[in-house]
Amino acid sequence: MAEKNNGAAIEYVKALQTAARSYAYYFTLRRAAGSLYDVVASTSDQLYLGYVFETQTPKVAAASRQTAGLVATYAGDVVFTPYFGRSDGRTRSYSEAWGGAPPAWLRPVIAPYDVGKKLWGHGVGMSTQ
């Protein structure tokens with residue numbers, strides 16, 4: 001789970017694994033009755049690259065094992081934890097990307113490591129690059 005390569009810092013990979021798991025669990029809890037799927041198996045939700053990817057990226061697989069069962073919560077509830085490809089020097093607020101009131105736990109931040117790059121994705125939450 002999560003789009004990260006084996007070269008990233010382990011704590012970042014663990015944080016991304018936890019965000020991805022939280023995202024999936026959040027939607028599992030809100031699944032409509034009679035729905036066949038919890039999330040869509042595509043880049044619009046979650047995309048599992050398979051066992052071969054796990055063997056090629058042992059750090060990512062280890063991070064998943066090390067964070068097994070961990071999810072992000074706010075006030076005792078599992079929360080929506082979006083992530084995206086890359087920022088352009090700042091992340092976006094929920095309201096900026098999708099409208100509506102922003103969740104208390106999801107705030108935009110400056111991302112100095114991405115200054116000068118092109119935004120790739122909605123820009124809300126954690127960058128996967």
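These legends accompany four close-up views of a predicted model.

**View 1. Helix 3 and the elements that cover its buried residues.**
Helix 3 spans residues 58–66. Within this helix, the buried positions are Val60, Ala61, Ala62 and Ala63. Two other helices help to cover these residues: helix 1, running from 10 to 29, and helix 2, running from 51 to 56, are included in what lies against them. With all three helices in the picture, it is worth looking for the contacts from helix 1 and helix 2 to the buried part of helix 3.

**View 2. Tyr25 of helix 1 and its partners from elsewhere in the sequence.**
Tyr25 belongs to helix 1, the helix that also helps to cover the buried residues of helix 3. Its relative accessibility is 38%, so Tyr25 counts as partly exposed. Leaving aside residues up to four places away in sequence, Tyr25 is in contact with Val71 and Val78. Val79 is worth finding here too: 54 residues separate Tyr25 from Val79 in sequence, while their C-alpha atoms are 8.7 Å apart in space.

**View 3. A salt bridge within helix 1, between Glu11 and Lys14.**
Here is one of the five salt bridges that a search of the whole structure finds. The closest N and O atoms of Glu11 and Lys14 are 3.2 Å apart. Both residues sit in helix 1, with a spacing of three residues, or about one turn of the helix. An α-helix has 3.6 residues a turn, so residues three or four places apart point the same way. Glu11 has a relative accessibility of 52%, and because the cut-off for exposed is over 50%, Glu11 counts as exposed.

**View 4. Arg92 and the salt bridges around it.**
Two acidic partners meet the side chain of Arg92 in this view: Asp88, with an N to O distance of 2.8 Å, and Glu96, with an N to O distance of 3.5 Å. Is Arg92 buried or exposed? Arg92 has a relative accessible area of 11%, and since buried means under 20%, Arg92 is buried. Its two partners are both partly exposed: Asp88 has a relative accessible area of 30%, and Glu96 has one of 45%. Arg90 also takes part, as salt bridges with shared partners link Asp88, Arg90, Arg92 and Glu96 into one network.

Conventions:
Residues are numbered from 1 along each chain as its sequence is written. This is a predicted model: local features need pLDDT of at least 70, side-chain atom pairs count only at pLDDT 80 or more; totals for chains, interfaces and linings use all residues. Side-chain values use heavy atoms; hydrogens and water are left out. Buried means under 20% relative accessible area, exposed over 50%, partly exposed in between (1.4 Å probe, protein chains only). Helices (H or I, at least four residues) and strands (E, at least two) are DSSP runs, numbered from the N terminus. Contact means heavy atoms within 4.5 Å. A salt bridge is a side-chain nitrogen of Lys or Arg within 4 Å of a carboxyl oxygen of Asp or Glu.
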